[in-house]
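This report covers how the domains of one protein chain meet and how the protein meets DNA. Look at the sequence and the model first.

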Amino acid sequence: MESGSIPLADVPGGFDLQSTLESGQTFCWRREDGRAYETDDAHGGSAWYYTATEGEVVRVRHREGQLEWEATTDADGLLVERLRLDDDLPTIFEAVPDDPLVADARAAYPGMRLVDDPFFPCLVSFICSAQMRVSRIHGMQTALAREFGEAIEFDGETYHAFPTPERLAAATEAELRELGLGYRAPYVRRSAELAAAGEVDPADVRAKEYEDARDALQAFVGVGDKVADCVLLFSLDFLEAVPLDTWIRTAIEDHYPDCDRGSYAETSRAIREAFGGEYAGYAQTYAFHYLRSRY
DNA sequence: AGCCAGGCAAGTG
DNA sequence: CACTTGCATGGC
């Protein structure tokens with residue numbers, strides 16, 4: 001076992017592990033204490049979280065100004081990338097117009113960051129997210145890993161990586177329904193087939209202009225505008241993407257009524273502009289977590 | 001008991 | 001293009 005720590009004093013704008021991992025933007029991490037992600041749970045501040053990916057297991061916790069980690073391999077680089085520790089939050093929020101909702105959200109969750117998740121797990125988790133609560137989406141991804149993911153031994157425990165596209169494409173719809181995926185089961189299976197066949201190359205999508213990239217992702221099954229925006233924001237580095245889910249639509253009604261332009265495409269343009277363009281997705285994710293936690 | 005949850009696909013007008 | 005309907009499931 002290797003271990004190490006990342007001093008958080010050097011991270012511009014600070015870092016909050018619990019809100020970053022439990023705000024409903026990533027379903028690639030689990031708490032060692034096994035608790036489901038609930039916005040009113042205040043016990044995650046010093047908990048261990050782990051992820052398993054590509055044969056490796058990494059676990060982290062926040063302790064005394066450090067991000068401590070233990071892993072099957074050196075994890076400094078992975079953590080900086082996946083938790084976006086190089087993002088300069090003060091500079092990013094200079095680009096976001098001073099706005100009461102976003103300001104309140106920042107005050108409530110200082111140091112919350114976007115994540116940079118692996119493409120396929122991110123895609124599947126947001127296909128599963130349709131008409132579903134955050135804690136249940138998390139439970140589905142846990143079940144998919146348990147049933148179909150590679151087993152990895154680490155520190156006397158067995159962990160499961162998220163399954164490969166090939167493995168999920170080989171699952172039957174009935175097997176997926178048994179995990180509680182409901183009508184999303186065929187979407188996941190068919191999208192896994194497309195991913196395994198290389199029909200849509202994430203690297204190609206990443207190179208496109210934002211709206212073209214959003215359209216391209218909809219070649220997957222179960223992916224419309226909203227899910228595509230989530231994948232762009234949380235996995236493909238499109239920080240301007242603003243997923244228009246039920247919470248943000250309500251926020252638009254209450255706080256930005258001028259941005260409601262009817263269609264997804266036009267409302268998206270308007271709210272992206274209201275959130276300052278380039279880093280609008282940061283504002284969206286803060287607003288989403290803040291509104292949901294106050295409900 | 002009914003309503004809702006980080007919507008989408010397929011069908012119609 | 002806009003609009004409607006059906007779709008699983010669990011928690012409140």
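Which kind of base atom of DNA strand C lies 3.4 Å from a polar side-chain atom of Arg 184? A base nitrogen. The model is a predicted one. The rest of the DNA contacts follow, after the domains.

**Domains**

Chain A carries three assigned domains. Domain 1 runs over 2-83. Domain 2 is made of two segments, 95-108 and 225-295. Domain 3 spans 119-199.

**Domain 2 against domain 3**

The C-alpha centres of domain 2 and domain 3 are 27 Å apart. At the interface, eight residues of domain 2 contact seven residues of domain 3. Together the two domains bury about 650 Å². Of that area, 79% sits on carbon and sulfur atoms. Val 227, Val 231 and Ser 235 stand out on the domain 2 side. These three supply 52% of the area that domain 2 buries against domain 3, more than any other three residues.

Polar pairing across this interface can be counted too. The rule finds zero salt bridges between domain 2 and domain 3. One residue pair is in polar contact, with both residues at pLDDT 80 or more. Helix H12 (residues 225-235) gives the most to the side of domain 2 that touches domain 3, namely six residues. By class, that side has five nonpolar residues, one polar and two charged.

**DNA strand B**

Strand B is surrounded by 27 residues. The closest are Met 132, Arg 133, Val 134, Asp 245 and Gln 284. Sugar and phosphate make up 53% of the strand B atoms that come within 4 Å of the protein.

Backbone atoms of Gly 222, Gly 224 and Lys 226 each pair with a phosphate oxygen of strand B. The distances are 2.8 Å for Gly 222, 2.9 Å for Gly 224 and 3.5 Å for Lys 226. Three elements give two or more residues to the surface near strand B: H12, helix H13 (246-255) and helix H15 (280-294). H12 gives the most, with four residues. So H12 appears again here, after its six residues on the domain 2 side facing domain 3. The surface near strand B holds 14 nonpolar, nine polar and four charged residues.

**DNA strand C**

The residues around strand C are Gln 131, Met 132, Arg 133, Arg 136, Arg 177, Gly 182, Tyr 183 and Arg 184. Met 132 and Arg 133 are also among the residues closest to strand B. Of the strand C atoms within 4 Å of the protein, 54% belong to sugar or phosphate. The rest belong to bases. The surface near strand C divides into two nonpolar, two polar and four charged residues.

Three polar pairs to strand C are listed here.

| Residue | Protein atom | Strand C atom | Distance |
|---|---|---|---|
| Arg 136 | side-chain N or O | base oxygen | 2.9 Å |
| Tyr 183 | backbone N or O | sugar or linking oxygen | 3.2 Å |
| Arg 184 | polar side-chain atom | base nitrogen | 3.4 Å |

Arg 136 and Arg 184 each reach a base through a side-chain atom. Tyr 183 instead places a backbone atom 3.2 Å from a sugar or linking oxygen.

Key: Residues are numbered from 1 along each chain as its sequence is written. Chains are lettered from A and ligands numbered from 1 in the order in which they are written. This is a predicted model: local features need pLDDT of at least 70, side-chain atom pairs count only at pLDDT 80 or more; totals for chains, interfaces and linings use all residues. Side-chain values use heavy atoms; hydrogens and water are left out. Domain bounds come from an automatic or database domain assignment. Contact means heavy atoms within 4.5 Å. Buried area is the accessible area (1.4 Å probe) that two parts lose on being put together, summed over both. A salt bridge is a side-chain nitrogen of Lys or Arg within 4 Å of a carboxyl oxygen of Asp or Glu. A polar contact is a pair of N or O atoms within 3.5 Å; within protein, one must be able to donate a hydrogen and the other to accept it, and residues adjacent in sequence count only if both atoms are side-chain atoms. Ala, Val, Leu, Ile, Met, Phe, Trp, Tyr, Cys and Pro count as nonpolar, Asp, Glu, Lys and Arg as charged, and the others, Gly among them, as polar. A residue is near a molecule or strand if one of its heavy atoms lies within 4 Å of it.
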